[in-house]
Each structure stands twice: as C-alpha cells, then as structure tokens.
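Biologist: I would like a close look at a single part of this protein, explained slowly enough for someone in a first year of study. Please choose one place, and then connect it to what surrounds it.

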Amino acid sequence: MNASKLTKTTNAATREETVLRMANRVVSTDNSDADEIGEFDYVIVGAGSAGCVLANRLSEDGQTSVCLLEAGGSDKHPFIEMPMGFAAWNYWSPGQAKYNWNFETAPQPQLNGRRGFQPRGKTLGGSSSINAMIYIRGTPSDYDTWAELGADGWSWSDVLPYFKKAECNERGADDLHGGNGPLSVSDLRSKNPVCDVFLDAAKELQWPSNDDFNGPVQEGTGFYQVTQRDGRRCSSAKAYLYDAAARQNVSVETAARAHQVLIEEGRATGVLLDQGGRLKVVRARREVVLSAGAFQSPHLLLLSGIGPGHAMSAFGIDVVKDLAGVGQNLQDHLDYTVLEKAKAPGSIDLGWAISSLLKGEYGKFSRHGQGRFTTNVAEAGAFLKTSPDLTDPDIQLHFVPALVDDHGRKKYVSGGYSCHVCVLRPKSRGTVTLASPDPAEAPVIDPQFLSAPEDLDTLVRGTELIFRLFDTPAFKALNGQRLYFDGTDREGLIEDIRNRADTIYHPVGTCRMGKDEGSVVGPDLKVHGLEGLRVADASVMPTLIGGNTNAPSIMIGEKASDLIKSEHARAAH
C-alpha cells in the first residue's frame, strides 16, 4: 500500500504563501512549482463510501492504474473498528478531529439563527468509518423518481443489481439481497433490552412489525441491519479498499488535500493537491473522478473554475465552465430528538460503560467480536406514514437506548433513552458555496432547513407519534422524565424544534444528475461540457432517498465503476 504519512501543519509563513498563491492564481495548467506524484489511468478524489468502491473495481483487472487521494489519514483506530466507538468518541472527543471534518452550517433562519453541526469522515472509508452503520436503501420509488427526473438508467430495476453486487448479507441471497459482495450486512449480535420496550410500545400502538427494512415493504418497526463483519465495523475501506491497496497498480495517497482539478483544452488531466505542506500534481491519462461527498465535490469544482460563473469570478477564479447547478440542490434529513431520563435496565450511560468493562465485555469484543461493544447504539427504528394517503413512509425513527443530545456532545451521567425523527423526503433546498478561494477554508454550507413550510408540518406530525409512543404502558413502566419539551402544545413543540433540530448526516444532491440546464452531471456521471471528469458520490443524487445514505452511495460507486469500464472497453475496440 503506497500511502503517505500524516504530517504536522505547515508553518505560518508557508501557509500564507500558499493561500496568497491560490487566491491570486489563474486556473491553468502551469504548476511548475508543484512536485509530480506520477501519472495514472484514473485519479479518484476521496476515499469515502463511493471512492473506495471505485478504487477497487477500476483496478481489479490488475492492469489499470489508479491513484486514490484522501485528505485524511489511516482508519486504524480501535474506536473506528469497535461499533460502539463512534458514539463514545467520534463526535465529541478531543481526538476525533483527526478523523472528522467537523463542518458547521451557515446560520439557519428557521432554526432561530443557529449554526448546525455537520460531521463528515476524514479518513479512509470517509463517513462510513464514523457512521452508525445502518444499512438502508430507500424505496423503489426513490430511484424511479430519479429516472423520471432525467437520470436514465438509474431506476429501481437498474440499481438493484448493484445493491446486490455490493452486499454480503448474513441471512443469505434472495431476490432483493446479495450474499457474496464485499460489504458485510449483519444482524446485531447483542441487542439492548430497552429496544425491546420500543418494539413492545409500537405493538401497543398497532404499528406493523418489520424484520427487513430493505425487503418488499419498508413500513414498520424493527431492528436495523448493520454494516458489520464478525461484530466489527465494515466500512467501505474495509469492504473494498484493503484488498485493492495491496495491488501493484493502486496508489493510496493520504494527507492529500485536493486543491484544483487541472483542465487542459476542456479535458481534466489531473489534480493539484497539498500533501504535507507541499503542492503536488497527479496526472490522469483517462479520467479524474470526484468522490469527495456532497460538500467537498462541489467545493472542488468551484475552486477549479467549474460552477456558477459569477460566484467564482467574485473570488478571482477564472471560469473554466459555467455550470449554474454546482453547489445547488443541497438536501439533508433534518432530525429532532425526544429524550427521557430513566433508570432503565440496559440503558447506556457511564455506569453501563464501567459495568461493561468490569464484566470483560471489551475482551469479548476484541477476541470474538461479541458482547455489548458490538452495538451501533441506534439499534432499532421505524419507517412510518404520517398520513394514510401516502404510498411510502415519510418519516424515519432511530431509537437509542441512551440520552443522545446535540450529537452526543451534551453529556449525561444518568441513563435514559431517546428517539430521533426525520422527514424522509424534504422539500427544502440549500446550497454549498465558496467562502474564499483558499482550498483549506471550508465551504459555506447552507441547508436552508425548514425553508419549505411542509417540512415543518411533517416533522411536527412525526414528533407527535413519538409522544404517543412514549405515553404507552410499555414506556410508562420505565418512569421516564421527559427533557426539554413535554409535548403539551403545538407552538411549544415548534419552538423546541427550532431550538434543537439538526442534521442526521445525510447531505446529498449538490452535483445533481440529469439532462436539464440545472444539472451538473449526466446519467453517465460526466460533468457537462468537459471531458475526462466525473462525479460519483451522494452529491449526484437528484433527490434524497427515504433512509440512510451510505448504502446508496456505495451503490453509486458500483454503478459508476461499470459505466467507466464499459466506456473505455468500447473505446479500446
């Protein structure tokens, strides 16, 4: 595995020189002051959910050379491998910043001017290395809608084979599931007893049960399946990249932050990057593929002069291709959480963690992948309809046998439980734009949460379902004390939503796939008007799917790989 080591931050003088050079540059191919890494058939930017898939599939013939660029470093950390580790560490521990971009949104007017938190993975595997591992695809209608919007070849019947190709479900293969793919999908090994209370309460409300949210019907309540292998996290790095990185035709460059896609006469020829404080160039004989995610793929396009002309000109960036859709169409799942403090047996808190260690639970995990530390914490959930007239569920619940408040950054010593609710197909649309021409400065992320009034209405109806759930005899037996808002009036609930709601980490859509003027890439994922440049990650989704987005992002990587290989196979003949 050809991977560079992470280095210390560049000294202030060098940093200032780099910023000034980037701020005043003209987008061009003159990078004579940059070191050459080499030339490859394909250069992939971003080793996340889709990027790791691409690195594996494009190099599997042993002949085609691939260079994978990742701004973060190695994923070799025990809290990444340990499923429970993400909840105990990734979002708020001082050490997690090495693995997390820790983005913030612009102030959100409909959330009382608050800035939201936007954690994204900064390591091999990207966000699949720090997420809750929930395996969800969405519904067939999600993908049929994509096709109706101009994404030819991306209907449910088109994408299902790629979901199955990726999947190795421990329950085995069937018409909807794969059994031999790289991505391990498993049932939870050690289920928390508080989640059984959640399911009992759902039965009291006569909500349907569902043992497979990726089966014929999504609606219902049950335990989630997770991307785990032998009780350990199965990120896209573990599923796809580890094998690929051992190949002689694959180079994995870590601590490699892309600054600009190089364009010569309308064709992408490589990437300018910073690695260890030095500018470097890597060349692409065939294609550059951006898989940096819904925030950073459009950001890199804008830095490269590809996007709305006026937005780039304002920062002195020459326009290479005027594409109005770059950074537009941002969609995300806004989430609101109802919390109850309680002495519930099995509730995850500090005492639970200490007890688990004293009982040798860490040993069970490290030796056999068994025990309490295999939990993904958000073990159970539901897909529900807030109106009987709906064809598909419009809200999703994530039930957590712990007090998870403000992304886990607000800590509680006591036990309890919480239930998240999000609007599955929001109407609100936001943007990702430049904050400056400095590639090291984060983009301006503006989801414009609740800018569509119907999203608030749906979120209120979904929250009222949680209040009903927590008022059932099953939960009343736990003697829970509700925190924040007690659910007595609609206006009070709306105010609490504006005070506390935030993302549940599913941004998509900012390099939208389609054929109209507002789209960024075509159904072949090629950037409109340029050669040798594609985008393959969650940013190409025309609309947000009804569920968690890791599995669909991996599917995009699988399908993109086939599109690319098929095209170059035809060209070779």
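Modeller: Let us begin with Ala-245, which lies in helix H8, and keep in mind throughout that this is a predicted model. Ala-245 counts as buried, because its relative accessibility is 4% and the cut-off for being buried is under 20%. Although Ala-245 and Ala-55 are 190 residues apart along the chain, their C-alpha atoms are separated by 8.4 Å, and that pair leads us to the place where two helices meet.

Two packed helices are described by the angle between their axes and the distance between the axes. Here the two partners are helix H2, made of residues 51-59, and helix H8, made of residues 236-245, whose axes come within 8 Å and cross at roughly 35°. The crossing of H2 and H8 is left-handed. On the side of H2, the residues that take part are Cys-52, Val-53, Ala-55, Asn-56, Arg-57 and Ser-59, and on the side of H8 they meet Ser-236, Ala-237, Tyr-240, Leu-241, Asp-243 and Ala-244. Sorted by class, this contact of H2 with H8 holds 7 nonpolar residues, together with 3 polar and 2 charged ones. When you look along either helix, it helps to remember that an α-helix has 3.6 residues a turn, so residues three or four places apart point the same way.

One of the residues in this contact, Cys-52 of H2, invites a question about sulfur. A disulfide is a covalent bond between the sulfur atoms of two cysteines, and the count in this model comes to 0 disulfides. For Cys-67, the closest cysteine sulfur is the one in Cys-52, but it is 13 Å away, which is too far for a bond because the two atoms would have to be within 2.5 Å. Cys-511 also has Cys-52 as the holder of its closest cysteine sulfur, at a distance of 19 Å, and that is again too far for a bond. Both of these partners are out of the way of the surface, since Cys-67 is buried with a relative accessible area of 0% and Cys-511 is buried with a relative accessible area of 0%.

If we follow the chain onward from H2, we come to the loop between H2 and strand E2 (66-69), where Gly-62 is found. Gly-62 counts as partly exposed, because its relative accessibility is 41%. The C-alpha atoms of Gly-62 and Asp-349, which are 287 residues apart along the chain, are separated by 49 Å, whereas Ala-245 and Ala-55 gave us 8.4 Å.

On the other side of the story, Asp-230 lies in the loop between strand E8 (228-229) and strand E9 (232-233). Most residues other than glycine have a negative phi, and most peptide bonds are trans. Asp-230, however, has a positive phi of about 55° although it is not a glycine, and with a relative accessible area of 48% it is partly exposed. A positive phi, near 80°, is also found in Tyr-505, again a residue other than glycine, and Tyr-505 lies in the loop between strand E23 (502-503) and strand E24 (533-535).

A helix elsewhere in the chain gives us something to set beside H8. In helix H9 (residues 293-303), 11 of the 11 residues are buried, so H9 is largely enclosed by the rest of the structure. Among the buried residues of H9 are Phe-295, His-299 and Leu-303, and just after H9, Gly-305 takes a positive phi of about 85°.

Finally, we can place this part within the whole. The protein has 16 helices and 24 strands, and its radius of gyration is 23 Å, close to the 25 Å that the globule rule gives for 573 residues, so the protein is as compact as a globular protein of that length. Its C-alpha trace spans about 70 × 50 × 50 Å along the principal axes, and buried residues make up 62% of the 573 residues. Of the contacts with a separation of 6 or more, 71% are between residues 24 or more positions apart, and the meeting of H2 (residues 51-59) with H8 (residues 236-245) is the example we have followed here.

Conventions: Residues numbered from 1 in each chain as written. Predicted model: local features only at pLDDT ≥ 70, side-chain atom pairs only at ≥ 80, totals over all residues. Heavy atoms only, no water. Axes fitted to C-alpha atoms, helices over the stretch in contact; angles between N-to-C directions. Helix = DSSP H or I, 4+ residues; strand = E, 2+ residues; numbered from the N terminus. Left-handed = near helix turned anticlockwise from the far one by under 90°. Contact = heavy atoms within 4.5 Å. Nonpolar A, V, L, I, M, F, W, Y, C, P; charged D, E, K, R; others polar. Buried < 20%, exposed > 50% of the residue type's maximum accessible area, 1.4 Å probe, protein only. Rg over C-alpha atoms; globule rule 2.2 N^0.38 Å.
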